[in-house]
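Me: I have a structure open and want the reasoning behind its labels. Can we go through them one at a time, cut-offs included?

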Amino acid sequence: KNNVGIIGAPITIAQPNLGVDFGPNAIRYAGLAKRLDQLNITYNDYGNINIKNEGSDKQDPKTNLKNLDEVVKGNQQIAEEVKLVKKKGEFPLILGGDHSIAIGTLAGLYEFYDQLGVIWFDAHADLNTGETSPSGNIHGMSLAVNLGVGDEQLTSINGNQKKVKPENTIIIGARSIDDGERDFIKEQGIKVYTMYDIERKGMENVMKEAIQYLKGRVDGVHLSLDVDGIDPLHTPGTGTRVVGGPSYRETHMAMSMLHDAEVLTSVEVVEVNPLLDDQNKTAEVAADIIAATFGEKYL
Ligand code: LYS
């Protein structure tokens, strides 16, 4: 694998809980660098982007969004940093921050591919818009924005195009989907493995299918992993926990399978919130998960 470029992307204001800006450092303190060293993977850690997390936290009556201008600005910064890392030929590893950062990440990544694939590992679909969102929190809208649907200030970051096509998008682990999101999924034909599907087919088969599906159609795969995708028993330190997720083991195996299939071209892990955590447990799981995507094995 080429050199890894690590970017801390501490946006917090696309969701209501303080503390997710500490996520990147919590993952570093869980031993990320040492894990990469042990795998003989070289890296440059560019530190944390200086993001201004200051908004009114009020829902704008016109757009129904909270902190739109500030979230746009932060994601523009992220897109630029991701582009720099890509131009150096490095493998981007982005540490969040709330899940809105995927808007900046994919805005930076898309121009380097013809058909970029995305695996969205998450308890939620993040397919809301200002019209459908129950909360006004932009972290619940980031996948929709990447598919070109949402406020124009967000969808136009680094170009007006869709950053990813619906047929190149796979959601894994969903178990909390709003009504508007359900319609969106059907309209756009996005592939979704809900927890019901994972339970019925088993995580191994789901991953085999997902890898097979993407391999035939894309020239790069971005993994956008929200730690709330994992069962909150293992990842309590996150703002929007939903019971009934895949276990630590299932998730870890899924990540090892992605590594072994050699499909990933960038990785991001989001929504680690140390202020809600129990002894940095969630960041440690995040570090394990990242190490698995880079090929760490037990034997
Ligand atoms: N679907 C809910 C919303 O839009 C929760 C999103 C949580 C994203 N991490 O507010």
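Reply: Start with a side chain: that of Thr293 reaches the backbone oxygen of Ile290 at 2.6 Å. Bear in mind that this is a predicted model.

Me: What makes the pair of Thr293 and Ile290 a polar contact?

Reply: The distance is 2.6 Å. The cut-off for a pair of N or O atoms is 3.5 Å, so the pair qualifies.

Me: Why does Thr293 count as buried or exposed?

Reply: Its relative accessibility is 1%. Buried means under 20%, so Thr293 is buried. Thr293 is found in helix 11.

Me: Which residues does Leu223 touch, beyond its neighbours up to four places away in sequence?

Reply: Thr293 is one of them. The others are Ile119, Phe121, Met255, Leu258, Leu264, Ser266, Val267 and Glu268. Each has heavy atoms within 4.5 Å of Leu223, which is what contact means here.

Me: What makes the set around Leu223 a nonpolar core?

Reply: A core takes buried nonpolar residues joined through side-chain atoms within 4.5 Å. The largest such set has 49 residues. Leu223 is among those with the most contacts inside it, along with Ile27, Leu93, Ile172, Met255 and Leu258. Helix 11, residues 281–293, gives the largest share, 7 residues. Another core, of 45 residues, lies apart from it and includes Ile51, Val72, Val82 and Ile171.

Me: How do you know that the chain is as compact as a globular protein of its length?

Reply: Its radius of gyration is 17 Å. The globule rule gives 19 Å for 299 residues. The two values are close, so the chain is as compact as a globular protein of that length. The C-alpha atoms fill a box of roughly 55 × 40 × 40 Å along the principal axes. Buried residues make up 58% of the chain. The fold has 11 helices and 8 strands.

Me: What share of contacts joins residues at least 24 apart?

Reply: That share is 77%, counted among contacts between residues at least 6 apart in sequence.

Me: Why is the phi of Asp57 worth flagging?

Reply: Most residues other than glycine have a negative phi. Phi of Asp57 is near 65°, a positive value. Asp57 sits in the loop between strand 2 (43–48) and helix 3 (68–87). Asn64 lies in that loop too, with a positive phi near 70°.

Me: Why is Asp57 called partly exposed?

Reply: Its relative accessible area is 48%. Buried is under 20% and exposed is over 50%. The value falls in between, so Asp57 is partly exposed.

Me: What is flagged at Gly96 and Gly97?

Reply: A cis peptide bond joins them, with omega about 15°. Most peptide bonds are trans. Gly97 is found in the loop between strand 3 (91–96) and helix 4 (101–109).

Me: Which side chains make polar contacts with the ligand?

Reply: Asn128 has a side-chain N or O atom 2.9 Å from a ligand oxygen. For His139, the partner is a ligand nitrogen at 3.4 Å. A polar side-chain atom of Thr240 lies 3.3 Å from a ligand nitrogen. The cut-off is 3.5 Å, so the Asn128 pair qualifies. So does the His139 pair, and so does the Thr240 pair.

Me: How much of the ligand does the protein cover?

Reply: It covers 92% of the 310 Å² of accessible area that the ligand has on its own. The residues around the ligand include His124, Asp126, Asp178, Asp226 and Asp228.

Notes. Residues are numbered from 1 along each chain as its sequence is written. This is a predicted model: local features need pLDDT of at least 70, side-chain atom pairs count only at pLDDT 80 or more; totals for chains, interfaces and linings use all residues. Side-chain values use heavy atoms; hydrogens and water are left out. Buried means under 20% relative accessible area, exposed over 50%, partly exposed in between (1.4 Å probe, protein chains only). Helices (H or I, at least four residues) and strands (E, at least two) are DSSP runs, numbered from the N terminus. A polar contact is a pair of N or O atoms within 3.5 Å; within protein, one must be able to donate a hydrogen and the other to accept it, and residues adjacent in sequence count only if both atoms are side-chain atoms. The radius of gyration is taken over C-alpha atoms; the globule rule is 2.2 Å times the number of residues to the power 0.38. A residue is near a molecule or strand if one of its heavy atoms lies within 4 Å of it. Accessible areas come from the Shrake-Rupley method with a 1.4 Å probe; for residues, only the protein chains shown count as cover.
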